[in-house]
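Grab your viewer and work through these exercises one by one. Each starts with a task and then walks through a solution.

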Amino acid sequence: MKNSTLFLIQSPSNNRDKIWNQLAQMAQSDDHIVIMGDTTWAIPATVFSCHAHLYCLENELGLLSNENSEHIKVIDYAAFADLVLQFKRCITLK
């Protein structure tokens with residue numbers, strides 16, 4: 001993970017499309033992505049096909065649709081903190 005980037009995706013629903021477009025332009029297939037807040041409601045299928053390392057905080061699990069939850073690893077806050085510490089680069093998209 002030395003060369004990969006951690007993306008934190010958190011956006012209100014009215015800005016979601018812009019955020020997903022930015023992610024598509026910036027992220028590589030080996031990057032890790034944590035999806036938070038309103039962004040969990042509508043995740044484009046291209047995100048699942050292009051990125052294997054997707055995460056969601058367990059307290060936001062209820063926002064995920066059932067078909068999306070099989071593609072995303074659910075983590076608690078301790079695992080989130082451990083994940084963040086593994087990266088030299090972190091980009092937040094809001």
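**Exercise 1. Place T40 and work out its surroundings.**

Keep in mind that this is a predicted model.

Step 1: Find T40 in the loop between β2 (32-36) and α2 (45-50).

Step 2: Check its accessibility. The cut-off for buried is under 20% relative accessible area, and T40 comes in at 0%, so T40 counts as buried.

Step 3: List the contacts. Skipping neighbours within four places in sequence, T40 is in contact with I35, C56, E60, L63 and L64. Several of these names come back below.

**Exercise 2. Describe β2: are its residues buried or exposed, and which way do they point?**

Step 1: Go along the strand. Of the 5 residues in β2, 5 are buried, which leaves the strand mostly covered.

Step 2: Sort them by direction. One way you get H32, V34 and M36; the other way, I33 and I35. Residues on either side are buried.

Step 3: Compare with the textbook pattern. In a regular strand, side chains alternate between the two faces of the sheet.

**Exercise 3. Use I35 to find the strands that pair with β2.**

Step 1: Look toward β1 (residues 6-10). β1 and β2 pair in the parallel sense, with 5 bridges, and I9 stands opposite I35.

Step 2: Add the connection. Together, β1, helix α1 (residues 16-26) and β2 form a right-handed β-α-β unit.

Step 3: Now try β3 (residues 53-57). This pairing with β2 is parallel too, over 4 bridges, and here the bridge partner of I35 is C56.

Step 4: Trace the chain from β2 through α2 to β3, and you have a β-α-β crossover that is right-handed.

**Exercise 4. Show why the buried residues of α1 line one face of the helix.**

Step 1: Pick out R16, I19, W20 and L23, which are buried in α1.

Step 2: Look down the helix axis. The buried residues of α1 fall within an arc of 95°, so they line one face.

Step 3: Turn to the other side of α1, where D17 and Q25 are exposed.

Step 4: See what the buried residues of α1 pack against: β1, β2, α2 and β5 (90-93).

**Exercise 5. Characterise L64.**

Step 1: L64 sits in the loop between β3 and α3 (66-69).

Step 2: With a relative accessibility of 9%, L64 counts as buried.

Step 3: Leave out residues up to four places away in sequence, and L64 touches T40, I43, C56, S69 and I72. The T40 contact is the one you met from the other end in Exercise 1.

Step 4: For a distance check, take L54: L64 and L54 are 10 residues apart in sequence and 12 Å apart in space, C-alpha to C-alpha.

**Exercise 6. How many disulfides are there?**

Step 1: Set the test. A pair counts when the cysteine sulfur atoms are within 2.5 Å.

Step 2: Apply it. The count comes to 0 disulfides.

Step 3: Try C50. The nearest cysteine sulfur belongs to C56 and is 19 Å away, and C50 is in no disulfide. At 44% relative accessibility, C50 counts as partly exposed.

Step 4: Try C56. The closest cysteine sulfur to that of C56 is in C90, 16 Å away, which is too far for a bond. C56 has 0% relative accessibility, so C56 counts as buried.

Note on methods. Residues are numbered from 1 along each chain as its sequence is written. This is a predicted model: local features need pLDDT of at least 70, side-chain atom pairs count only at pLDDT 80 or more; totals for chains, interfaces and linings use all residues. Side-chain values use heavy atoms; hydrogens and water are left out. Helices (H or I, at least four residues) and strands (E, at least two) are DSSP runs, numbered from the N terminus. Buried means under 20% relative accessible area, exposed over 50%, partly exposed in between (1.4 Å probe, protein chains only). Contact means heavy atoms within 4.5 Å. Two strands pair if DSSP finds at least two bridges between them. A crossover is right-handed if, with the strands pointing away from the viewer, the path from the first strand over the helix to the second runs clockwise. The arc is that of the directions from the helix axis to the C-beta atoms.
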